[in-house]
Amino acid sequence: MKKKSTSLFFKSLSAGRKTLWNRILIFCGSAIAIFQFVDTLSEQENIQGFLTSFPVYNDVIKPIFGNVVIYLAVAVLLAVIRHSSFTNYSKKIKGKDIRIGVKVGDIFRAPGGIIVPSNNTFVNDTEVIGDKSIQAQIAQKCQSGEYTGSESVEEQLSRHLQNELSCAQISFEPIELNGNEYHQYEYGTLVPVTLQSKKANKNFYYLSMSRIDNPKVPNTTKLDLSESIVKMWKSTRKIVSDSSLASPVLATGSAKMYEVRAEVIARFILKSFVNYACSEGVSINDFTLYIHPKDYLSDVYNLEELHDFIDYLCKFPDDETELIKNPQSASIPQ
């Protein structure tokens, strides 16, 4: 864990060098201003008399506070420390008490609810879905006892789909997987699952966004994914009980889609959330898009550009370039 944290730190220094350089210039400018103020102040006769009353002033204090290089060194150090937050960036949307951000890290440590990419059958058997997805990791954590609950994940999914979400449209014919037949639900269907950890209850929201034609091989298309994301935000009004929500970059893990770059999908998710945030009846006041550390270290994402994109979205949440706003026709660009 320590090695990964160190790698992320040095990666951030490189990936965000433009931001770091600007920050160093600002900090150094402030340091020079402080130095000049302290130098001018110390030359005042009454102040100088007071300072020289300290025995260590001439030997210790004056060489430190009278050396501009020390100010600059401290400024650079503070800029680098401040830059350590480069992998955790968020900003408030203009005119809204809602924050949006991007973070490199473990999504299971996210506060609030978590979006869990799932298949359109909501089958939870690792023999069908594989063992590497977020959904599979939750199943493994349940098996190990890290997550517990009065109802299993499968029971909760089934109960919600049959009762509260009975209106969830079954969009395809049932499909057979490993000898069992499963219903296929509409893309964008969101199903809540609550589990207990050692610390507190945790809400997960399983999202129908992929299809499994063969065991352990989920897949999705650009059109299906964009439909899933747009409908997901509509579903949050009824389904999501958390005010803070986290999501991975969808279709970049087990159900990896090669039609569109991961960074484009990330921008689409961020933009679609801002569209939701500008609508009526918004229940989420904090949304964070999580990026897997391995993907960040492999240069899958340009974090600095994502920061710039968030800045733009927050400054212009109602994009005036969209002359016709129709969420139903939204689709992920190439």
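Of the 334 residues in the chain, 43% are buried, where buried stands for under 20% relative accessible area, exposed for over 50% and partly exposed for what lies in between, judged with a 1.4 Å probe and protein chains only. The model is a predicted one, in which local features need pLDDT of at least 70 and side-chain atom pairs count only at pLDDT 80 or more, while totals for chains, interfaces and linings use all residues. Residues are numbered from 1 along each chain as its sequence is written, and side-chain values use heavy atoms, with hydrogens and water left out.

The secondary structure consists of 12 helices and 10 strands; these are DSSP runs numbered from the N terminus, helices being H or I with at least four residues and strands being E with at least two. Contact here means heavy atoms within 4.5 Å, and among the contacts in the chain with a separation of 6 or more, 73% join residues 24 or more positions apart.

A buried position can be followed in strand S7 (residues 201-214), which contains Ser-208. Ser-208 counts as buried because its relative accessibility is 0%. Apart from neighbours within four places in sequence, Ser-208 has contacts that include Ser-118, Phe-122, Tyr-185, Glu-186 and Ser-228. Between Ser-208 and Ile-229 the C-alpha to C-alpha distance is 9.5 Å, with their positions 21 residues apart in sequence.

Turning to charged side chains, the structure holds nine salt bridges, each defined as a side-chain nitrogen of Lys or Arg within 4 Å of a carboxyl oxygen of Asp or Glu. One of them joins Asp-311 and Lys-91, at 3.3 Å from N to O. This pair links distant parts of the chain, since Asp-311 belongs to helix H12 and Lys-91 to strand S1 (residues 88-92), 220 residues apart. Asp-311 is partly exposed at a relative accessible area of 22%, and Lys-91 is partly exposed at 34%. In another salt bridge, Glu-227 meets Lys-231 with the closest N and O atoms 2.8 Å apart; both residues lie in helix H9 (residues 222-239), four residues apart, or about one turn of the helix. Glu-186 is linked with Glu-227 and Lys-231 in a network of salt bridges.

On the surface, Phe-50, Phe-54 and Val-56 are among the residues of a nonpolar patch of about 980 Å². Patches are made of residues with over 30% relative accessible area and no salt bridge, like charges being joined within 9 Å and nonpolar side chains (Val, Leu, Ile, Met, Phe, Trp, Tyr) within 5 Å. Helix H4 (57-65) and helix H5 (68-83) each supply at least two residues of the nonpolar patch, and H5 gives the most, with five. A patch of negative charge gathers Asp-125, Glu-127, Asp-131, Glu-154 and Glu-155. Of these, Glu-155 lies in helix H8 (residues 153-162) and is partly exposed, at a relative accessible area of 44%.

Two loop residues deserve a look at their backbone. Most residues other than glycine have a negative phi. Asn-178, however, has a positive phi near 50 degrees and sits in the loop between strand S4 (170-177) and strand S5 (180-185). Asp-299 also has a positive phi, of about 65 degrees, and is placed in the loop between helix H11 (293-297) and helix H12 (303-315). Asn-178 is partly exposed at 47% relative accessible area, whereas Asp-299 counts as exposed at 54% relative accessibility.

How values were computed. Areas by Shrake-Rupley, 256 points an atom, 1.4 Å probe, with all protein chains shown as cover. Lys, Arg positive; Asp, Glu negative; His and termini not counted. Charge placed at Lys NZ, Arg CZ, Asp CG, Glu CD.
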